[in-house]
Amino acid sequence: MRITVFGTGYVGLVTGACLADVGHEVLCMDVDEARINRLEAGEIPIFEPGLERLVKANVESGRLQFTTDPTDAVAFGVLQFIAVGTPPDEDGSADLRHVLAVASTIGEQMYDYKVVVNKSTVPVGTADRVREAIAGRVAARGVEVEFDVCSNPEFLKEGSAIDDFAHGPRIVVGTDSERVRGLMQECYAPYIRLQEKLMFMDVRAAELTKYAANAMLATKISFMNEIANLAERLGADVEQVRRGIGSDPRIGYQFIYPGCGYGGSCFPKDLRALAHTAEQLDYSAELLKAVEAVNQRQKQGMFTKLRQAFDGKLEGKVIALWGLAFKPNTDDMRDAPSRDLMEALWAAGARVQAYDPEAMKECRRLYGERDDLVLVADRIQAVKGADALAVCTEWKEFRTVDFAWLKQQLALPVVVDGRNLFEPALMQQAGLLYYAVGRGDSL
Ligand code: NAD
């Protein structure tokens, strides 16, 4: 099949590369010329495990191409995937500017039947708006061209995006058209061994499914953080509680890890967008608001613990920071808890010595050169001459530490762990003051 993908970010590039890899011919279009130039030169603009190899192989095979030309892009595929960003607007709603810009482009350039497949995360009703935008442009040209719009939300996770795309538990397609069903079936056929995996549903249900999935996952995290905060105050170990409840198959082990709050490009913005939708409908979404509020508080938790450990005197202190990305295996720092911590530390006059295996470039891009931020080459350098250590991301390489060595490095020696990587007893034996999440040691 010939497929066009608009947007070459985490979702667009993974979608394009994966679909090319199973034999489709794919043209990826982006308005960001620098990004397309880099891709054409074989450079991958984002860090995503396995993506570089996949893109290179499929570019070499000729099945994956890149362009900035909208005319070529629209002419190319019968399927026109929209995978552009939907960042939060000031009021928390999803900003549909990029999605509607693509819709207009398609409407302006389309000469034969197209299925416009919306992969971006968008509020319920967006498919109608995309349809109207396209129809308006087509009508303005005084031509008649048939097209359909369907919803195909994406559930991949950064860090395991390729595997998720290829082996995710379901592919959701919202459409009421038999023709679209057939074409989407053809598109995803290489990924479908179990017929139930491809779920057709109404467009509005498909659009809501994406928000519901993210809201449910965020709810699990905030719930567990609430329990962790109680555990801390009660002198109970939340890790034992986690095992105790996760063993119940109705609850399960996934997504019940307490921590320093969820971040990333999706959960925070999608929760806010869904809450905004509820507001517009005059429905007060109490649970969604609480999930967000608990998360905001959780993101402040590490700073609160550090401030207490230093009796409120953080001025001039050097805090080592392990992990900047919002989770391991990505360089993405959008809404990352590390940012809340760094910004609070800077406001209190402390300096940060940070290391992350992948997100250093992104951190420099976000914050530029500043005296109170030193980015170092590895985790060992980060703790050299530091007063305390804070762990924000559970990268594998942070899990094994010589605690006696760590104690020698840190002036206080305080470790505030936002990811519960270590055994409190072992840390205490080594003489470290260890403050994890919900492990009975609140300051
Ligand atoms: P991103 O910011 O990484 O990439 C978006 C890309 O779209 C950018 O390269 C940008 O230049 C390009 N773009 C903007 N306007 C364009 C236009 N008119 N034509 C062509 N390209 C254009 O975004 P992302 O993380 O890939 O997310 C895309 C969508 O997928 C969002 O709605 C997001 O919520 C959703 N989503 C993201 C993830 C994730 O883990 N990142 C997972 C599931 C769903």
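Here are legends for a set of views of this predicted model.

Residues are numbered from 1 along each chain as its sequence is written. Since the model is predicted, local features need pLDDT of at least 70 and side-chain atom pairs count only at pLDDT 80 or more, while totals for chains, interfaces and linings use all residues.

**View 1. The whole protein, with its 17 helices and 14 strands.** Helices (H or I, at least four residues) and strands (E, at least two) are DSSP runs, numbered from the N terminus. The radius of gyration is 24 Å, close to the 22 Å that the globule rule gives for 443 residues, so the protein is as compact as a globular protein of that length. That radius is taken over C-alpha atoms, and the rule is 2.2 Å times the number of residues to the power 0.38. Along the principal axes, the C-alpha atoms fill a box of roughly 75 × 45 × 40 Å. Buried residues account for 47% of the 443; buried here is 20 or more other C-beta atoms within 10 Å of a residue's own, exposed is 12 or fewer, and partly exposed is in between, with C-beta atoms placed from the backbone.

**View 2. Where domain 1 (2–201) faces domain 2 (214–435).** The bounds come from an automatic or database domain assignment. Taken over C-alpha atoms, the two domain centres are 33 Å apart. In domain 1, 15 residues are in contact with 16 residues of domain 2, a contact being two C-beta atoms, placed from the backbone, within 7 Å.

**View 3. C266, tagged "active site" in an unreviewed UniProt entry.** UniProt positions are given in the numbering used here, feature names are shortened, and annotations may be inferred rather than shown by experiment. Look for C266 in the loop between α10 (238–246) and α11 (267–280). C266 counts as buried because 27 other C-beta atoms lie within 10 Å. Leaving aside neighbours within four places in sequence, C266 is in contact with T121 and N214.

**View 4. I227 on helix α9 (residues 203–234).** I227 is partly exposed, because it has 19 C-beta neighbours inside 10 Å. Setting aside neighbours within four places in sequence, I227 is in contact with V238, V241 and G438. C260 is 33 residues away along the chain, and the C-alpha atoms of I227 and C260 are separated by 13 Å.

**View 5. Strand β12 (residues 388–391) and its buried side chains.** A388 and A390 point one way, L389 and V391 point the other, and all are buried. β12 runs parallel to β9 (residues 318–322), joined by four bridges, and it also pairs in the parallel sense with β13 (residues 414–417) over four bridges; strands pair if DSSP finds at least two bridges between them. A390 is the bridge partner of L321 and stands opposite V416 in β13. Helix α16 (residues 403–409) completes a right-handed β-α-β unit with β12 and β13: with the strands pointing away from the viewer, the path from the first strand over the helix to the second runs clockwise.

**View 6. Backbone oddities at P413, D311 and N420.** L412 and P413 are joined by a cis peptide bond, with omega about -5°, and P413 sits in the loop between α16 and β13. D311 has phi near 50°, a positive value in a residue other than glycine; its loop runs between α12 (286–309) and β9. With 7 other C-beta atoms within 10 Å, D311 is exposed. N420, in the loop between β13 and α17 (424–429), also has a positive phi near 50°, but N420 counts as buried, with 22 C-beta neighbours inside 10 Å.
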